[in-house]
Amino acid sequence: MTVIFGVFLLTLLVITALAIVRTENLFVAVMLMGIASLLIAANFFILDAADVALTEAAVGAGISTVLFLGALALTNAQERSTTSRKLLSTIVVVAATLVLIFATFDKPEFGDPNSPVQTHVSPWYLEKTPEYIDIPNVVTAVLGSYRGYDTLGEVFVVFTAGIGVLFLLGANPGVGAGQQAREINSGLRHHLIPRVVGRLLIPFIILFGLYVQFHGEYGPGGGFQAGAIIAAGIILYALLEGEKRALEVMPQKFLLGMMAAGGLIYGGVGVVCMVLGGNFLDYSVLSSNPVKGQQMGIILIEAGVGIAVTGTLLSIFHAFAARER
Amino acid sequence: MKILGLYYYWVFAILLMTGFYAVIAKPNLIKKMIGLALFQSAVFLLYITMGHIVGGTAPIFSSVTGDTLYSNPLPQVLILTAIVVGISTTALGLGIIVRIKEEYGSIEEDEIQEIDKQ
Amino acid sequence: MNALDAHLPALQVVVPMLLSAIVVMLKPRGLAWAATTATSAVAFAISIELARLTLDGATINYAMGGWPAPFGIALGVDAFSALVLLVVTGASTVTLIGARASVDSEIALERQPFFYSAWLLALAGLAGIVVAADAFNIFVFMEISSLASYVLIAGGPDRRALPAVFKYLIMGTIGATFYLIGVGLIYMMTGTLNLADMELRIHEVADQKPILAAAGFITVGLGLKAAVFPLHVWLPNAYAYAPHMVTAFLAACATKVSIYVLLRFDFFVFQENLTGHAFQFSAFLLPLALLGILIGSGVAMFEKNLKRLFAFSSVAQIGYIILGASLVSVAGLTASILHIFNHALAKGALFLVAAAFAMNAGGLRLADLGGIGKRMPWTFGAFVIAGLSLIGIPGTAGFISKWYLISAVMELGVPGIAIIAVIIISSLMAVVYIWRVVEVAWFGEPAEPGVAAPTIPPMLIAAIWICALANLYFGIAPQLPADLAGSASQLLLDHLP
Amino acid sequence: MAMFLDVLSWILLTLGGISVLIGGLGALRMPDLYTRMHAASVTDSLGAILVLTGAMLQAGLTLATIKLAAILLFLLLTSPTSSYALASAALIAGTKPLSEREQPEGGKQ
Amino acid sequence: MYYAVTLATLITMGLALVRAIMGPSVYDRVLAVNMFGTKTVLLLSVIALLYGRPDFFDLALAYALINFIGVLAVLEFFRSRARRRELEQQQAKQ
């Protein structure tokens, strides 16, 4: 039955996607992108992917909307109406869609418990996690330990993007340098109601972020989601009080330090494992009891992920928001 | 049920190609980025769909669920990573667009090509 | 094998990756450069050691996190990976040695820590792709290296670098996403991400539609990343407007790493199992490679900007590499792998020379370079050596791989003659475009008379001559790379029936 | 008692569903931005209160109920705020409410 | 019963989507997005109950929060854009 809901949501998703491509107002496209993101996230939830749904909501609907708006504020919100290569593109796209649909016919049936995906590697994770790592959230176990090296890579992908944006847009944007920039970046200080409600909520948002961070072994969540939520909370502060105040609380240098420190914590845990005689990222050697060692390692690396992601997302946000024109 | 399952894959195909169309046909750089984000989301959907198991639940053990069928955790982990990669690419792409706007005063591909020809 | 040796595959990636997070904090002048160069040198030393360990055809496996292979992520280094690692870390180290002055002239001081950090990330990403034995892990590191190279290229002082890098970002992301779709489809049909495990399990489902689609997606995706003709359109501008040192580094190794992954998939995962896969080589890759060779060289003959000229020549050289591989024979693969090495030597030297020219001529249009050879005889000498190597004159490294390639093509019999004709025509075209530069640089007159005496940083001259001498050395004594390439191609072809 | 709670929660959920639906129709059918906003905020508040209270009664006295209460509190705080923010933004940008637009200049006295 | 509530929420989401696509003004679209977000929160809460996994209410909470920040970001976008235009006009006059 829930699958029917999924089908309904997917139909809405296709409509949204077509509308995104059709509209010429970029602001509208970004808004619809937010809706598409929520739809995708709801679908993930229906398909049993709670962790992914949380990430998609925090990143797709939250952070990415904020970033797109930041870029739109610095460029134009209106697209020119010409579309080049319309016919050729349509032909390419329709042909490729048909090929893709053709390729679907030999696929294992949807949700089939006997498909290779369900029978080969994944049962091992579900079966062995209680024995080796002993935490309820298998997704966190796979993310942090079995495939911890991928996650290390992921942290450095984020780090690279942060470095890149700072390299392109400057690490010390001229906040408050000119009267004009200060005026534009003053935030919503004159809107009383959002300001009061927002300030009331910020501590709870950060608290919730910390809960997601440390509850990641038991429920949906983990360092990445927590980092995105905490960053969103601080972005809220910047929206309400203006860029300048937010940068005074957390200067760009500090954020850069967080970016580097997060990656170093993660990598450092790996190196310590190596020194203690295990393989890289083999947390079992961290404690005399291998299971305890695994749990300790996962908590440490998740902390590293959280710190790095918070630092990077905030750096990127500030780089856009404080860009002087 | 068979058609329902296929429907998920078809939506993946259509979504993928809608995003791809925006990337190749639209001259506006931000629109291209939006298309790219859509394009990547479609792939996320593909992975999560294949990890789903009928009658299963999220792969998080809990006292409430007891002894049940769990969906495959591995595609979820992969997509967590891929979502992060996606937002990183988007952020960097938008950074480049902002710089292009500053240097050229335009974010339309054909206009930029015209300016470069001069 | 001692304890440290066992960890080398992991250290190869982890050392530059972690150091990138430290380099970004190094503010004082020159320190970031020094730390980066030192790290890169350590990585180079690691890859030399790995090459020594794998020379006899051995494979070093490493289980990340101590988890057994299909469940955890495995790393694996064999002769093929060792050779590519040598190219990647060597190119990075040599360019970095000469990089300082050129980078100082192109990138503002306060932005340099970010630049060098991105450099190390690109290095770590490329090395990570090469050592990975897990399909999804390859994707993650592909994204690290791609994002880092976008950052590096966007540092170019000319504003045209920005549209160029945006195009690269779009096409690179499409390529990576196509690869991800392909991996997803294979995973759907086999349930595994480990390449070795995939090879075992793909056999049963080899004739099903999703696997065929997956092969297509992976080939096109990696072809985009590797700039295989006709998917090369991002390459010329990205290389032309990047900072000079970045061009030298990336031109020497970035596209080759994608070719490496493509060959791995083709020979380890698909070849034996996939119905009609041999057809893909003879009907699809071979003609594309030949077209790429001809068109790349042809465009290079008429190009007016030195770096764009070299970039189009790279498109042609990628064609040679694909051509050798698409013959599916020991000789062909050896030629192909050897050419990865030799082309890196030649192109690295040429782009380093371009950097030295740029610092003194003010621009890189051929018109700017009048008479520069007489003012910078040492640099010009190195240019001539590298140019001869690119053409394939006996006594240089380029000759060796072309010789292997021609003898591999000879095995084909009559149709081989047509291919040999293409190779010879393309080499003649190379003579033309190298001669055009020589003509202007040596016999031309300076655009504005009375230019100041050129200043060339000694470190840059050293880097250029390391490359040039390597071109000569490996042309006379090609033992080491030829051995590695030989056992690499044995390894790849052992998987064939 | 349990039976009573069950019935009560079903009633609440049904009413919640209906009010959500009415709000959706209102947001679609109302003639201008401010009237639509009115319809939407009714669903946001009333629908959320009814549905989440119904869900709370179903979940019983557990951590889940506390979380639901937190969600409800959060929605009750944020959705009027967003409505206010939106209305003020629209007003500042010059979107006039319908009643003023429809009346001719003289009709204002 | 849960199904009925879910269905009502889904239909409302569809209606909100129609409003978001039709517009006409950008504010209508923001309104629709906001409404869509709240409905998603309700949908997730109900589906979590339906699945018998009440520990997933965390997600609904996160959605509610992100939604709020999104709307405020849009407002700030409008405000700073309006302010910037005003300043540009002033400069043009001088």
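Is A:Glu241 buried or exposed? A:Glu241 is buried, at 0% relative accessible area. Buried here is under 20%, exposed is over 50%, and partly exposed lies in between (1.4 Å probe, protein chains only).

The model is predicted: local features need pLDDT of at least 70, side-chain atom pairs need pLDDT 80 or more, and totals for chains, interfaces and linings use all residues. Residues are numbered from 1 along each chain as its sequence is written, chains are lettered from A and ligands numbered from 1 in the order written, and side-chain values use heavy atoms without hydrogens or water.

**View 1. A:Arg195 and A:Glu241 form a salt bridge in chain A.**
The closest N and O atoms of A:Arg195 and A:Glu241 are 3.0 Å apart. This pair links distant parts of the chain, with the two positions 46 residues apart in numbering. A:Arg195 sits in helix α10 (residues 192-214) of chain A, and A:Glu241 in helix α11 (residues 223-241) of chain A. A salt bridge requires a side-chain nitrogen of Lys or Arg within 4 Å of a carboxyl oxygen of Asp or Glu. Side chains of opposite charge can pair when their charged atoms come close. A:Arg195 counts as partly exposed, at 22% relative accessibility. Its partner A:Glu241 is buried.

**View 2. A:Glu241 also pairs with A:Arg245.**
In this salt bridge the closest N and O atoms are 3.8 Å apart. A:Arg245 is partly exposed, with a relative accessible area of 31%. Which residues make up the salt-bridge network? A:Arg195, A:Arg199, A:Glu241 and A:Arg245 are linked in it. Over all chains, the count of salt bridges comes to 18.

**View 3. A salt bridge connects D:Lys67 with E:Asp58.**
Nitrogen and oxygen are 3.0 Å apart in this pair. The pair joins two chains, because D:Lys67 lies in helix α3 (residues 63-93) of chain D and E:Asp58 in helix α3 (residues 57-93) of chain E. Are D:Lys67 and E:Asp58 buried or exposed? D:Lys67 is buried, and E:Asp58 is buried as well.

**View 4. Chain E has 3 helices and 0 strands.**
Helices (H or I, at least four residues) and strands (E, at least two) are DSSP runs, numbered from the N terminus. Along the sequence, chain E reads α-α-α. Its radius of gyration is 18 Å, well over the 12 Å that the globule rule gives for 94 residues, so chain E is more spread out than a compact globule. The radius is taken over C-alpha atoms, and the rule is 2.2 Å times the number of residues to the power 0.38. Along the principal axes, the C-alpha atoms of chain E fill a box of roughly 65 × 30 × 10 Å. Of its 94 residues, 72% count as buried. Among contacts in chain E with a separation of 6 or more, 50% come from residues 24 or more positions apart. Contact means heavy atoms within 4.5 Å.

**View 5. Some chains touch and others do not.**
Which two chains share the most contacts? Chains A and B do, among the 7 pairs of chains that touch. Chains B and D do not touch, and their nearest C-alpha atoms are 12 Å apart. Chains C and E do not touch either. The nearest C-alpha atoms of chains C and E are 25 Å apart.

**View 6. Chain C holds 19 helices and 2 strands.**
The radius of gyration of chain C is 21 Å. A compact globule of 497 residues would have one near 23 Å, which agrees. The C-alpha atoms of chain C fill a box of roughly 75 × 60 × 40 Å along the principal axes. Buried residues make up 70% of the 497. Residues 24 or more positions apart supply 79% of the contacts in chain C with a separation of 6 or more.

**View 7. C:Leu338 lies in helix α13 (residues 330-361) of chain C.**
C:Leu338 is buried, at 1% relative accessibility. Which residues does C:Leu338 contact, leaving aside its neighbours within four places in sequence? They are C:Ile400, C:Ser401, C:Tyr404, C:Pro481, C:Ala482 and C:Ala485. C:Gly486 is 148 residues from C:Leu338 along the chain, yet their C-alpha atoms are separated by 8.5 Å.
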